[in-house]
Amino acid sequence: MIRLNNVTLTFPDGDSRVTAVDDVSLTARPGTVTGITGPSGSGKSSLLAVAATLIRPDAGEVIIDDVDVTRLDAGEAAELRRNSIGIVFQQSNLIPSLTAQEQLSVMNELGGSHRRRNRARAAERALELLDAVGLPDQRRKRPHQLSGGQRQRVNIARALMNDPSVLLVDEPTSALDQERGAGIIDLILQLTDRLDTSTLLVTHDRSHLPRMHGVVHLVDGRLQPVSDVA
Ligand code: ADP
Ligand code: MG
């Protein structure tokens, strides 16, 4: 489970500061997707960065599996990201020279050696996940041989390689057409259910929202009352 309690984040802005996230509280339970919407600049990515332990908030708590991760030092936070958090950004950031299967397997080589699965097990897990994201026949393909939608599927599979309890996804459909975008959202809903992740999904496309377990709407960093969400 991930729970944000009264999170506020500001950035320096000339002589003053801009408030990117303003006193936001929300929860995602295992097996559920919470959608986060709002106009450009409303603080969606900032909120995910705080949830991902990539930025420490000015105030508030981020509770992941009963630990307030805002109190972790940099090393502990990195360890938590490796083991418990899957992150999918808008751009897939795949490594051009690696095949789809290698993009996933390489995750196993990061971090302390005691944490590594044996390579055969990692390769097997990579194949299972490529299958789960609908790419069983693409494992030897490199990024330039895959479509945008397929690259995003590899990106999602990679985020799941270390069996995270929390999955954070930022606008995964923004570079895709409507149909491929809908397929990616379907996939995230399915994988959340199957792998029991607590998922936060930022999207500006409102057509997908009815299928999520909860939706929050941000304006100027603040959560809007549910009745204001059309
Ligand atoms: P969204 O993802 O909803 O488009 P962001 O979280 O990217 O919104 O941005 C929220 C606000 O925080 C904006 O005003 C943006 O300019 C500001 N902001 C985001 N990241 C930074 C940063 N690294 N430094 C300064 N200001 C930032
Ligand atoms: Mg953003």
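Which residues are around ligand 1? In this predicted model, the residues around ligand 1 are Phe11, Ala20, Pro39, Ser40, Gly41, Ser42, Gly43, Lys44, Ser45 and Ser46. Sorted by class, this shell holds three nonpolar, six polar and one charged residues. Helix α1 (residues 44-51) supplies the largest share of the shell, with three residues.

**Polar contacts of ligand 1**

Oxygen atoms of ligand 1 lie at short listed distances from Ser42, Gly43 and Lys44. For Ser42 the partner is a polar backbone atom, and for Gly43 the partner is also a polar backbone atom. For Lys44 the partner is an N or O atom in the side chain.

| Residue | Partner of the ligand 1 oxygen | Distance |
|---|---|---|
| Ser42 | polar backbone atom | 3.2 Å |
| Gly43 | polar backbone atom | 3.1 Å |
| Lys44 | N or O atom in the side chain | 2.8 Å |

Taken alone, ligand 1 exposes 560 Å², and the protein buries 59% of that area.

**Confidence of the model**

The average pLDDT of the protein chain is 92, and 95% of the residues score at least 70. Among the elements of the chain, the lowest mean pLDDT, 92, belongs to helix α4 (residues 119-132), while the highest, 98, belongs to strand β4 (residues 59-64). Where pLDDT is low, the predicted coordinates should not be read in detail.

**Two strand residues**

Val24 is part of strand β2 (residues 16-28). Is Val24 buried or exposed? Val24 counts as buried because its relative accessible area is 0%, and the cut-off for buried is under 20%. Apart from its neighbours within four places in sequence, Val24 is in contact with Leu4, Asn5, Asn6, Val7, Leu47, Leu218, Gly221 and Leu223. One of these residues, Leu4, is 20 residues from Val24 along the chain, and the C-alpha atoms of the two are separated by 7.1 Å.

Thr34 belongs to strand β3 (residues 32-37). Thr34 has a relative accessibility of 7%, so Thr34 is also classed as buried. Which backbone oxygen does the side chain of Thr34 reach? The side chain of Thr34 reaches the backbone oxygen of Thr27, at 3.5 Å. Thr27 is also listed among the contacts of Thr34 outside the neighbours within four places in sequence, together with Ala28, Thr199, Leu200, Leu201 and Gly214.

Technical notes. Residues are numbered from 1 along each chain as its sequence is written. Chains are lettered from A and ligands numbered from 1 in the order in which they are written. This is a predicted model: local features need pLDDT of at least 70, side-chain atom pairs count only at pLDDT 80 or more; totals for chains, interfaces and linings use all residues. Side-chain values use heavy atoms; hydrogens and water are left out. A residue is near a molecule or strand if one of its heavy atoms lies within 4 Å of it. A polar contact is a pair of N or O atoms within 3.5 Å; within protein, one must be able to donate a hydrogen and the other to accept it, and residues adjacent in sequence count only if both atoms are side-chain atoms. Accessible areas come from the Shrake-Rupley method with a 1.4 Å probe; for residues, only the protein chains shown count as cover. Helices (H or I, at least four residues) and strands (E, at least two) are DSSP runs, numbered from the N terminus. Ala, Val, Leu, Ile, Met, Phe, Trp, Tyr, Cys and Pro count as nonpolar, Asp, Glu, Lys and Arg as charged, and the others, Gly among them, as polar. pLDDT is the predictor's confidence in each residue, from 0 to 100. Buried means under 20% relative accessible area, exposed over 50%, partly exposed in between (1.4 Å probe, protein chains only). Contact means heavy atoms within 4.5 Å.
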